[in-house]
Amino acid sequence: MFGKTMTAPTANIPTIVALSFGAGIFAATHLLRLRDRERLRKACSRTQKHLRKGQRAALGVDLTSYIPIWKGTSRQKVVVLGAGAFGTAMAYAAAQGGNDVVIYMRDKNQCHTINTEHRNPRYLSEFSLLMEGGSSEIRGICALEDLKVELATPGVVIVHALPCQLTPPWFREHKDLIPHDALICVTAKGLYLPTQQLMGHAILDALDRAEQPLAFLSGPSFAEEIMKGNPTTLVVASDDLFQAVRIQRMMSNFKTIRVFTSDDPVGVQLGGALKNPLAVGAGMVAGMGFGTNTLSAVVVRASHELRQLAAAMGGNPRTIDGLAGIGDLMLTCFSSQSRNQRCGQRLMKGETVEDIQKEYTVEGIPTADVAIIYGDMCGLELPIFRCVHALIHKKITPDEAVMSLMGRRSQYETKHSPKNSRKISFS
């Protein structure tokens, strides 16, 4: 009995020692982490003042605390360039957040109606531009002197809603009006054809400035549905992430509009621009009499080509998986509200590009040309882009286009390596 009493504690000694040792290691590790975290905090505080705001993200600093004083709940001056359908919708969305919103246009009668009747007589005229409760009001201006005064407001945000091909010439002509520190939020989804540039590069060249703050707002968003209050999600991208956060706070109302941020302006611009010729292709599918099977196949395979092109041009291919890519592509390919989609249908019925463009602007037509140039520069095959381009210019017939795509060699859609990493085939 005495022997049994002594053996039990003796047998537990190694376990007790192991537990004590483990607890000591855990405590020491925790203390070292606290010490390193404090060192990092002090190092960040010493170096922050030497960094530009866009560089502070690398330190894990809360970027929202560095947005200037006109952030958040304070009224922010927003100047919308262009009183078309989308410019009107952007002004309405910004005004819902309580901001001081002004729309610039050239038409004096349109400006007068906006200021007196609170509606846009030319676009979306059935919607009132008055906010509920009268918290804010959208004003119209049409004189350059008035525009100069509005743009002189500290912290002004310029929402660009002009047609793509008119944008660089307008900025070049009026660059003296644009403050060097004004944030320009680009909403146009297209490329500048004379120089085959992304819109951001074309604007910087027109302003002859390399440091002008730019942000790019994109995503599935029909103007009419924004005005109706349908829940809408967008993405805004900027090289300086805190600028994207400014637009996010300005446009999000947490009821009908939700804005995500991105640090990939190249991917967001390419997704918004190059989905246009693909939407023309979707209209062609409908115009040929094909159904949902064919349309779904075209959309999915076209998104692969779009990802490949975005990656080759310096964007993040994962951006194309989001709102600026797949989101916008689905919107324009599956909806008859899309001008590009309607254009594709009309082309298959025998109408000409010239006749269609007399009625409305179709960004997908000229963008298809630039997409092929980009593909050639990057050495990419892009079979769907090339078929759409050839059909637009009547280089092939619809039957030849179908045979060209369906007759391609058989292959995997995806391949899995032994390490379980996915490799996607884009051809």
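Two strands count as paired when DSSP finds at least two bridges between them. With that in hand, let's walk through this predicted model, starting at one pair of strands. Strand β8, residues 214-218, and strand β9, residues 232-237, run antiparallel to each other and are joined over three bridges. If you would like one bridge to look up, take L217, whose partner in β9 is V236.

Now step back to the whole sheet. The pair belongs to an open sheet of eight strands with mixed pairing, in the order β3-β2-β1-β4-β5-β8-β9-β10. At its edges lie β3 (138-141) and β10 (257-262), each of which pairs on one side only. From one strand to the next, the twist averages 25 degrees.

Which helices pack on the sheet and touch β8? Helix α6, residues 199-207, packs there, touching β5 (183-186) as well as β8, and its direction makes about 145 degrees with that of β8. Helix α9, residues 265-287, also packs on the sheet, where it touches β8, β9 and β10; the direction of α9 makes about 40 degrees with that of β8.

Our last stop is helix α14, residues 364-378. At 1.5 Å a residue, its 15 residues should span 21 Å, because the expected span is 1.5 Å times one less than the number of residues. The end C-alpha atoms of α14 are 20 Å apart, which agrees. Buried residues of this helix include I365, A368, I372 and G375. In general, an α-helix has 3.6 residues a turn, so residues three or four places apart point the same way. After α14 comes G379, with a positive phi near 70 degrees.

Key:
Residues numbered from 1 in each chain as written. Predicted model: local features only at pLDDT ≥ 70, side-chain atom pairs only at ≥ 80, totals over all residues. Heavy atoms only, no water. Helix = DSSP H or I, 4+ residues; strand = E, 2+ residues; numbered from the N terminus. Axes fitted to C-alpha atoms, helices over the stretch in contact; angles between N-to-C directions. Contact = heavy atoms within 4.5 Å. Buried < 20%, exposed > 50% of the residue type's maximum accessible area, 1.4 Å probe, protein only.
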